[in-house]
Amino acid sequence: MKPSPLVVYGATGFTGRLVVDEARRRGIAPILAGRNRAALEAMAEEVGAPEVRVGDATEPRTLEKVFDGAGAVVSCAGPFARLGEPVLRAAIDAGAHYLDTTGEQLWMARMMDLYSAEAERRGVTAILAHAFEYAIGDCAARIAVSETPGAETVEVVNRVDAFAASRGTKKSALDVLGKPALAVVNGRRREEPQLAHRARVRFPDEDWDRVALSYGGGEVLSAPSFAPTVRTVRTYLAVPAPIAAVAPWVARGAGALLGPRLLRRLDARIDAGAFGPGDERRDQPWWVLARVRAVGRQTRVTATGYDGYGVTGVLCALGAEWLLAGRAQRAGVVTSAQAFDPRELLDALAPAGVGWRIDRD
């Protein structure tokens, strides 16, 4: 297995290990990077990695040499609102393509505003949220828009049954809870409370409607670029009806209660918990449905599979492979469906058990 110019930052974390394993399966031996030298060296010995590099995102100067000579960087170190910006900036400064596993919408919007022009100037493609959280919904939305002339409304609905989260996911969710969500309304991006809007949606495997609540999704940031006619975009999470009745109130209360001291205490409790979900994650099903409406027509693109974390590992390793091969469609700070052909990307996930379909009304 030959060394390659791929650096995985946060390699010793739960998702980072999945990315490294998948990269190696594809014949890529990534450089392992992060802040804990002992953990990195132990992992390098375990997997036969060619090199480790140490840098701490809380001390940005230490990242200057971490990405030296890199062709692509995968960042798995979250929460991204706290740790992500220095890594993204250092990768762009090094002229390395970039992918990450964030699910934090407001951070994504800020990074696009701050770094898109510089990334484009340097010919760097930096793909935010190239993970199960948004990459699949982003691709499904773009396909649905392309199949719906005059598309006006885009809704992406996520459904995950019996989900178990890693430490990093829990910390990112904690950071997001209580913060506003972005939506596109009447052609303009605006802030609104998390879980403020509800929709009813029917998945292809069911003959009854589910309730879904809105939250800050990455598709909101990209879908308006898919067609000039798109005027409304929201992302939703399908939830049981009893939860739907109280969740908006819980979210509003969380915004008032989660002060810095309580956040630190909850962070510590998460750190003391399990590293990540066990093997049961491989049997956890998920669905992502993009519903696009125009006058007199509707298109639904549904993707489905198992093991969201496993799919994230595949997405990141595959995305890095494609970036190194020069397959990106554009430079800048972008989303998955802006960087790659969405049909090709979803089709490439078939060996990981991902399937997708188009339905028209």
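# Questions on a predicted model

The protein chain has 12 helices and 16 strands. The model is predicted.

Trainee: What share of the residues of the protein chain counts as buried?

Mentor: Buried here means under 20% relative accessible area. The protein chain has 361 residues, and the share of them that counts as buried is 55%.

Trainee: Among contacts between residues at least 6 apart in sequence, what share joins residues at least 24 apart?

Mentor: Contact means heavy atoms within 4.5 Å. Among contacts in the protein chain between residues at least 6 apart in sequence, the share joining residues at least 24 apart is 71%.

Trainee: Which helix gives the most to the largest nonpolar core?

Mentor: In soluble globular proteins, nonpolar side chains tend to be buried together. The largest nonpolar core here has 96 residues, of which Leu32, Phe67, Val74, Tyr98, Ile136 and Val154 touch the most other members. With 9 residues, the element that gives the most to this core is α10. Apart from this core lies another of 9 residues, including Ala199, Val201, Phe203 and Ala238; for the largest core, the helix asked for is α10.

Trainee: Which residues is valine 74 in contact with, leaving aside its neighbours within four places in sequence?

Mentor: Valine 74 is one of the residues that touch the most other members of the largest nonpolar core. Leaving aside neighbours within four places in sequence, the contacts of valine 74 are Leu6, Val7, Val8, Tyr9, Val19, Leu99, Cys316 and Ala320.

Trainee: Is tyrosine 98 buried or exposed?

Mentor: Tyrosine 98 lies in strand β5, residues 97-100. Leaving aside neighbours within four places in sequence, tyrosine 98 is in contact with Val73, Ser75, Phe80, Val87, Leu88, Ala91, Trp107, Thr125, Ala126, Ile127, Leu128 and Leu323. The relative accessible area of tyrosine 98 is 0%, so the residue is buried.

Trainee: What separates the C-alpha atoms of tyrosine 98 and serine 75?

Mentor: Serine 75 is among the residues in contact with tyrosine 98. The two residues are 23 residues apart along the chain, and their C-alpha atoms are separated by 7.6 Å.

Trainee: How many of the 12 residues of α5 are buried?

Mentor: Helix α5 covers residues 135-146; at 1.5 Å a residue its 12 residues should span 16 Å, and the end C-alpha atoms are 17 Å apart, which agrees. The buried residues in α5 are Ala135, Ile136, Gly137, Asp138, Cys139, Ala140, Ala141, Ile143, Ala144 and Val145. α5 is mostly covered, and the number of its buried residues is 10.

Trainee: How far apart are the end C-alpha atoms of α10?

Mentor: α10 is mostly covered, with 14 of its 17 residues buried. Just after α10, glycine 326 takes a positive phi of about 75°. At 1.5 Å a residue, the 17 residues of α10 should span 24 Å, which agrees with the distance between its end C-alpha atoms, 24 Å.

Trainee: Which helix gives the most to the lining of the second largest pocket?

Mentor: About 190 Å³ of space lies in the second largest pocket. By class, its lining has 5 nonpolar, 2 polar and 5 charged residues, among them Asp21, Glu22, Arg281 and Arg282. Two helices, α1 (14-25) and α10 (308-324), each supply at least two residues of this lining. The helix that gives the most, with 4 residues, is α10.

Trainee: Which residue does a cis peptide bond join to glycine 78?

Mentor: Most residues other than glycine have a negative phi, and most peptide bonds are trans. Here the bond after glycine 78 is cis, with omega about 0°. The partner is found in the loop between β4 (72-75) and α3 (80-93), and the residue is proline 79.

Trainee: Is asparagine 186 buried or exposed?

Mentor: Asparagine 186 lies in the loop between β8 (181-185) and β9 (188-192). Its phi is positive, about 55°, although asparagine 186 is not a glycine. Exposed means over 50% relative accessible area; at 58% relative accessibility, asparagine 186 therefore counts as exposed.

Trainee: Is leucine 195 buried or exposed?

Mentor: Leucine 195 lies in the loop between β9 and β10 (198-201). Its phi is near 65°, a positive value in a residue other than glycine. The relative accessibility of leucine 195 is 18%, so leucine 195 counts as buried.

How values were computed
Residues are numbered from 1 along each chain as its sequence is written. This is a predicted model: local features need pLDDT of at least 70, side-chain atom pairs count only at pLDDT 80 or more; totals for chains, interfaces and linings use all residues. Side-chain values use heavy atoms; hydrogens and water are left out. On a 1 Å grid over the protein atoms alone, a cavity is a set of points where a 1.4 Å probe fits but cannot get out, and a pocket is an open set with protein on both sides within 12 Å along at least five of seven lines; lining residues have an atom within 4 Å of a point. Grid points are joined across faces, edges and corners, and a volume is the space filled by probe spheres set on the points. Ala, Val, Leu, Ile, Met, Phe, Trp, Tyr, Cys and Pro count as nonpolar, Asp, Glu, Lys and Arg as charged, and the others, Gly among them, as polar. A nonpolar core is a set of buried Ala, Val, Leu, Ile, Met, Phe, Trp, Tyr and Cys residues joined through side-chain atoms within 4.5 Å. Buried means under 20% relative accessible area, exposed over 50%, partly exposed in between (1.4 Å probe, protein chains only). The expected span of a helix is 1.5 Å times one less than its number of residues.
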